[in-house]
Amino acid sequence: MWSLASKLWGRPNVPEQSTVPQGVLYEIMPPGAKVKRRCVYKDAQLSIRPTNIKHQYQLVVHKVVDEDEKKLLEDDDENEDDDERAFLIGVEIGFARTMFEAAHGFKWSDPVEPEGSGYEYIMNGKASIVDMCENFAMAVAKCAWSRKESRPYADAPAAEAKAILAQAEEDDLEQMLRNVKIDDSELAKAAENEEAATTTPAKQKSATEGEDSRSSVPAASASAAAELPAEPDVMVDGEIIVSVLGSLYLFDPQTTDFVEIAEEVALTVVKADKYTYWMNVASNERDFSSQRIEPEMNAVFNHDYRSLIWNYFDVAGKAYSFSMIPTDDAHYNALHQGMTRAAYETLNQELWENVSESAQEYMLDACEEDAEMLSLPDNWSAHSESADEEEEEEESDEGEDDFGKAIRHQPVPAGVKTSRPAERDDEDEYNSNGSDESEAEAESGESDSEDEEGSEHDGGAGDGDGNSAKNSRLAVGYKHGRSFVVRGNRIGVFKHTDDDKIEFDTTINQIDDTRGRKFTPSSMLLHEQDSALVLADSQRPHELYKMDLESGKVVEEWKVHEDVPTVTVAPTSKFSQMTGDKTLVGLSHNMLYRIDPRLGGNNLIVQSENQAYSTKSHFTSAATTETGAIAVGSAKGEIRLFDRLGVRAKTMLPALGEPIIGIDVTSDGRYVVATCKMYLLLIDTKLPEDSAGRTGFQKSFPAARKPAPRRLQLKPEHVVYMGAPISFTPAKFNQSPDGNHSEKTIVTSSGPFVITWNLRRALGKGRGDAYSIKQYPETVVADNFRFGQDKSIVVTLPNDVLSVKRSQLAKPTRKTLMIHASDAVGSSLLSSSRNDIVDSPY
C-alpha cells in the first residue's frame, strides 16, 4: 500500500503510516516563560516527508486553513507565510508519545531551540486513534534509526525502533521529574519569607477612604477581628490545576482595613468538570471558601504588590472581600496564569492551549490592574491632573461651551402627540418643590431625596394596562434640549432647563406601527436632526419603525431583510443625528451592513456595503466614529474595528471571555470602551510607533503588538458595601461634536449606583479603579451625559428621570456606598405619594 508521501514523491522507501490527518500543534515554551505553551496551529496535519538526502526524513506539521480564514489572511497586510513547520528526524529530537487532556499525541524537541522548549501535536478524532498513534510513533522511530545507521528505512528492526521510542519516552519522563523537583534552597528561602512576614506585620489603610489605589494592598492587622464567613459545607474536588501558598486577608467593613486572618493558606484551583473550575482556600485549621470561578468573583490581580483580591458571596448572598498574597513571584505567576486559564475556559468553553501566544499575553495583561500607563492624546499634554480635579469641583453650568447653550433655546416641535390638551400648562403637576440643592450639598456630592426632587420627575403610572410598566430606554437629543424615555408602549419627553435640571414635558402615547399593532420599543435612536426616532421591536427583528416627532406617530415601516434579523442599529457616524443623513448601520448576529430606507421594498441593505461572516460571530453592539469607522462587540467578547462598511475588520482583539453588552468610541477613534457585566475595557487603538498616527481602525496591529486593554472595575472591597454583584449598564463617553475631541469622562451604572471614570486618570498606571459614584434609591436602568458636555448626567430609574451634576458624584467611601434600609423604604413611600398626588399621563 502506497503512502501519501509515496504518491507525492514517487519513492517507495517511506513509512506506511506517514500521516496523521487531524490535530493541534502547540509550542512548549522554555522554563521561566510567562506563557508555558502556545497554540501554533489550531488545525494541523502531521506527516513524514523524505528529503533529497538518502536515509533522511522530515517531520512536517502543515497548517490546515478553511476558506474564511484564508480570505482573512489574504486581507491582513501583516500576515507572513507560516503554514508549515519541518523538523529533521533523528534520535536527538526525542520523539515520544504523550497525553494531554485525555487525548493522545506526540512531543519532540528542536535541537536548535532553547533547552526545555519543544512541540506537542495532540490528535483529534476517535476512530482507531490508539493504533494510529502507535503506528506513527514507530514510523518516526524507524526514520530515526535509518538516519543513525545510514541504512534504508525498510531494514529497520522493530526491536531497535521500539528501543529508540522507549528511550525517548524515558528521557521525557526524567525531564518532567526534574521540572517538578523542589530545590532545598528554595524551601529555605520560602521559610525565611514566611518568618519575616509574621515577625514584621504592617497595617495599611484601604483605598476605601479615598487614598490612591496603590495603597489598597492588604496588610496584616493582628488586633482586628473581621467577621469570617461560615465554613463551606463541601470543598469541591477535582484535577488540581494550580496550588499556591500565601497569607490570607479579609476586608473589615467596620474599620475599612484588610485584616490578616491566616498566616499560611493553600489556594487551589481544581477542574471539577470539563470547563468547570473551582477555587478552594484552606489552612491547617479551617476551610475558608470553595467557590466556582466565574465573573462575579470580580478578581483583581496586582503584580506590584503580588496580590489577588476577590469577592465571595455566602449562601445568604452576603458579600465578602478576600485577598491573598502568595509567598513569592513564582507562586503569584502560577496563580495568575492558572486563574486566567480557568476563567477563559469557563466563559469560552474552549481550551486555553488553543489560544495564540499573543492572545494569552493580551488576556494576562488585561487581568492585572497595574498595567502600564496608556498614552494620552497630544492635545492633553499641557493639562495636569490637578486641573482635572479642579474642573470636577466646578458647578455644571460653569464653563459650558456655546454649543451646549445654543441647543437649549431652539423651540420644541409643535403638535407632539400627548394625552392632555397642548394649551394646558401642567408643569407644576410634574415638578416637585423645585428647591435648589444647597451649596454645601453640591460641594459634598450628597443630598437627601427631598432636595433631589428639584431635578427628579416621576415616571408615573403604567402603560394603560395597569401600573406594571417601568422606564427602560433613554435617548438624549442635541436639539430642543429634549430627552426621551421609553415606558411600556409610551415615550416620555423631558426638557433640560438652563440650570441643568430636567422637567417632564409631555407623553407620546400608544406606540403602534403603520398597521395599528401596538409594541414596546426594544431600542430607539434619534435620527435626522432629532426630527425622528428609529424604533425596534424585539418581536419583529426584521423590521424597523420611523416615528415622526412632529406628530408622535410611526409614519414608516422599514422591512430591512426577511432573512436578516437586526440585533441593533447605530448612526452612520457619531454625530449623524445632527445631519439629514437617512442611512443607518445595522448589525445582525454575523453581519454588518448599511441600511438605506430609500431603497424601498423588502431589502434595505446596501449590497456593496455589507460584510457577512459564515460562522456565528454573535455580534451584540456597535458604535461609530466621526468619520464612520465602526467598532463592533460580540457575545464571545471579541472586539472588531472596521474602517468602513463592506470590508473585513482591520483589527480583531481577542475575547477575555465575558460577552460585550455595549460599546462606545471617541469621535476620533482613539479610545474604545467596551462594557462587560463585571468590568469595562478601555482600549487605546493608536498603532505603536506609527509615524502617521494611525489607529487599529485604519491598519491592522502587528500580531505581537495588540493593545493591552485597561480593565475598569469596582474594587472588591467596595462591593462588600454595595451588597450585590456588579452588573454594569452600557458605558458611554461624553459627546464632543465641536471638533476638539474632548471626550474626558465615561459614565455607567450598576444597581442603584451611577459611576463615572475620569478618562485621564483611567489611562494612568494602575488607575482602573479611580472612579466617582452616587447612590439612588432605585436601580438605574439607563444613563448618559447631556449632549455636548460632561457636566450633567441624565439618569433613568424605573419610575423617575433626573439630572445630576457630575460634581455631585463622590469618591467611593463607606458612607457613599452603603445601602441603607431606610433608602428602600423612602423610595417606596416617595413613589407611592407621587402616584397618589399626580395623575400622571406618563
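**Exercise 1. Find how strands S38 and S39 pair, and which residue of S39 faces Trp757.**

Step 1. Strand S38 (residues 753-758) runs antiparallel to S39, and five bridges hold the pair. Strands here are DSSP runs of E with at least two residues, helices are runs of H or I with at least four residues, and both are numbered from the N terminus. Two strands count as paired if DSSP finds at least two bridges between them.

Step 2. Look across from Trp757 and you will meet Tyr771 in S39.

Before going on, please note that this is a predicted model, in which local features need pLDDT of at least 70 and side-chain atom pairs pLDDT 80 or more, while totals for chains, interfaces and linings use all residues. Residues are numbered from 1 along each chain as its sequence is written, and side-chain values use heavy atoms, with hydrogens and water left out.

**Exercise 2. Decide which residues of S39 are buried on each face.**

Step 1. Buried means under 20% relative accessible area, exposed means over 50%, and partly exposed lies in between (1.4 Å probe, protein chains only).

Step 2. In a regular strand, side chains alternate between the two faces of the sheet.

Step 3. Sort S39 that way: Tyr771, Ile773 and Gln775 are on one side, Ser772 and Lys774 are on the other, and all are buried. The strand, residues 771-775, thus has five of its five residues buried.

**Exercise 3. Check the length of helix H6 and inspect its ends.**

Step 1. The expected span is 1.5 Å times one less than the number of residues. For the 20 residues of H6 this gives 28 Å, which agrees with the 28 Å between its end C-alpha atoms.

Step 2. At the N-terminal end, Asp328 acts as a cap, with a side-chain oxygen 3.2 Å from the backbone nitrogen of Ala330.

Step 3. After the helix comes Gln349, with a positive phi near 55°.

Step 4. Among the buried residues of H6 are Tyr332, Leu335, His336 and Arg341.

**Exercise 4. Place helix H7 among its neighbours.**

Step 1. List the buried residues of H7 (residues 357-366): Ala359, Gln360, Tyr362, Met363, Leu364 and Ala366.

Step 2. These buried residues pack against strand S2 (37-50), helix H6 (329-348), and strands S31 (651-653), S34 (680-684) and S35 (710-712). Contact means heavy atoms within 4.5 Å.

**Exercise 5. Is Arg38 buried or exposed, and which side chain does it join by a polar contact?**

Step 1. Arg38 lies in strand S2. Arg38 counts as buried because its relative accessibility is 17%.

Step 2. The side chains of Arg38 and Glu357 make a polar contact of 3.0 Å. Such a contact is a pair of N or O atoms within 3.5 Å; within protein, one must be able to donate a hydrogen and the other to accept it, and residues adjacent in sequence count only if both atoms are side-chain atoms.

Step 3. Leaving aside neighbours within four places in sequence, Arg38 also touches residues including Leu25, Tyr26, Arg85 and Gln360.

**Exercise 6. Work out the strand order of the sheet that holds S20, and find its edges.**

Step 1. Four antiparallel strands make an open sheet in the order S20-S21-S22-S23.

Step 2. S20 (523-527) and S23 (553-559) are the edges; each has a single partner strand, so one side of each lacks a neighbour in the sheet.

Step 3. S20 and S21 (residues 532-536) run antiparallel and share five bridges, and His527 stands opposite Ala532 in S21.
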